[in-house]
Amino acid sequence: MSAAIGKVFLVGAGPGDPGLLTVRGRELLERADVVVFDHLVHESIPGIARAGAERIFVGKRPDQQPLTQDDIGRLLVTLAREHACVVRLKGGDPFVFGRGGEEALALAGAGVPFEIVPGVTAGLGATAYAGIPVTHRGLASSVTFVTGHAATDDPCSPSRLDRLHLDGTLVFYMSASRLEENLRAVMAAGRPPETPAAVIESGAQPRQRVVTGTLAELAARAATLGVQSPALVVVGEVARLRDQLKWFEDRPLFGRRVVVTRAKDRAAELIRLLRERGADIFEFPTVEIDASPVAAPLGELSAYAWIVLASINAVETLFARMAADGVDARSLHGVRLCAISARTAEALHQRALRADLTPAEYESENVADEMERAGGPLRGQRVLMPRPEIGRSALPGVLRARGAEVHEVPAYEAAIPRDSAQLAGALLEFAPDYVVFSSASAARNLGAILGPARTAALTRVAVFAAIGPIAAQSAADSGMSAAVVPARHTIAELVAALAAHDAQRRA
Ligand code: SAH
């Protein structure tokens, strides 16, 4: 038996909201060689690992025999022999009803080094997101976490509750399927039937649902509403506080299903802002920036009067080309920079460059007018425009009509990602309320991936939101007319406009 070369980290992923992963957990994921996870882990968390890391799903799949706990233990031991950093992600906390103890014992038994990174367990995370404090002065001075799933002869079974703190808060895990049985056991143990209680389904997730009632009536209520796993049951006076402390469901986009179509590595801010408002996100990367830009010379930079940058990609490829060609940044001296959007200006700012112009309106004639106001008549001026291969903009033509000499450099490609066809089916199943386009290529590519029939199906359920008129035009050309277009074309304004639209729809 070869010795382990690596270490296994048992990491708690929290109860659902990816923001509840610990800093330590994130740090380890970022350097993991392999990530092993199951279904209670939020889908975005394994994605934190670098692109080359291996991801292994060990949860139940409809078409496969589930792995046993022994299989998982053996898998972790094997992986530690092959990789330096193995992250085993578990929902909530690894040591709270997560069988993390068993996995750690398997590692200890095989002599594999390991570390435990605690997580926010559902009993604390889902209750907090439901507005139920598990202890409260005057109402509950203890809290007990109980499994609702143990066999009746098990000493940990709820039917043996007389052993437990019966005046405090009880939190049952794994109780969706045995709710009635468990609540009856609590009453049999002496808790009055009128004791407040709550079921929290998918706590700390955009689909969180909380059903409240008394011990006597809760099971029937939950059954009527079809409460499903994962769900927790909270029993005790504290459950009453939810009426005043409910907060999670009050967020402006709570539960709204939103499709984000940006390129994967560009979507973080948009997703964060939407999630903060409670939206349920479906990530559909429709754009992949081809990292190997078409080799086309930029020309002598100092000979240009203007460089027009139509997107963050344009900024990035300009600098990538300059670096590849050994061009010094000082050759931009004296060249005016026009950033077509605030985000593009921000990308320049990050490179310590100030845009000379960020037009108020993106309509081509207006951009040309503003350029002339800032830099004099365009006639005879040389303009450089790094542009996407398959992009489409009226601006170069308008500038040429005014006598400018425009050099378009096909710098990068907004290609359709390879795995997008698979996602297309799942998109309609997700039944989105909104689809958000933060670029023209995202809209155009989605139309191309879906084709006319599925696009038509999508327009029947979803409202489209576009960051600006160019993206809106591209969406409209693909049959997806945008009802939401913010006055200022930034990600923050887009999210604000979406929330405002939603509030109106609800009113
Ligand atoms: N280790 C996990 C628990 C795993 S046992 C933790 O610390 O949270 C699985 C049970 O946890 C589920 O049956 C359910 O009772 C509970 N649970 C996990 N995530 C939950 C969530 N988001 N909302 C409600 N209950 C959850």
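Start with the charges over rings in this predicted model. The charged end of Arg-382 sits over the ring of Tyr-304, 4.8 Å from the ring centre. Arg-336 does something similar with Trp-306, lying over the ring's face at 5.9 Å from its centre.

Now for rings against rings. The count of aromatic pairs comes to 10. One of them is Phe-37 with Phe-57, an edge-to-face pair. This contact links distant parts of the chain: Phe-37 belongs to strand β2 (residues 34-37) and Phe-57 to strand β3 (residues 54-57), with their positions 20 residues apart in sequence. As for solvent, Phe-37 is buried, because its relative accessible area of 15% falls under the 20% cut-off. Phe-57, at 25% relative accessibility, counts as partly exposed.

Then there's Phe-437 with Phe-464. Their planes are at 5 degrees, so this pair is stacked. Phe-437 is in strand β19 (residues 434-437) and Phe-464 in strand β20 (residues 463-466), so the contact ties together parts 27 residues apart in sequence. Both of these rings' residues, Phe-437 and Phe-464, are buried.

Here's the geometry of the two pairs:

| Pair | Centre to centre | Angle between planes | Type |
|---|---|---|---|
| Phe-37 and Phe-57 | 5.5 Å | 65 degrees | edge-to-face |
| Phe-437 and Phe-464 | 6.0 Å | 5 degrees | stacked |

Which residues join Tyr-129 in one aromatic cluster? They are Trp-247, Phe-248 and Phe-254.

Technical notes: Residues are numbered from 1 along each chain as its sequence is written. This is a predicted model: local features need pLDDT of at least 70, side-chain atom pairs count only at pLDDT 80 or more; totals for chains, interfaces and linings use all residues. Side-chain values use heavy atoms; hydrogens and water are left out. Rings of Phe, Tyr and Trp (its six-membered ring) pair if their centres lie within 6.5 Å; planes under 30 degrees apart count as stacked, over 60 as edge-to-face and the rest as tilted. Helices (H or I, at least four residues) and strands (E, at least two) are DSSP runs, numbered from the N terminus. Buried means under 20% relative accessible area, exposed over 50%, partly exposed in between (1.4 Å probe, protein chains only). A charge sits over a ring if NZ of Lys or CZ of Arg is within 6 Å of the ring centre and within 35 degrees of the ring normal.
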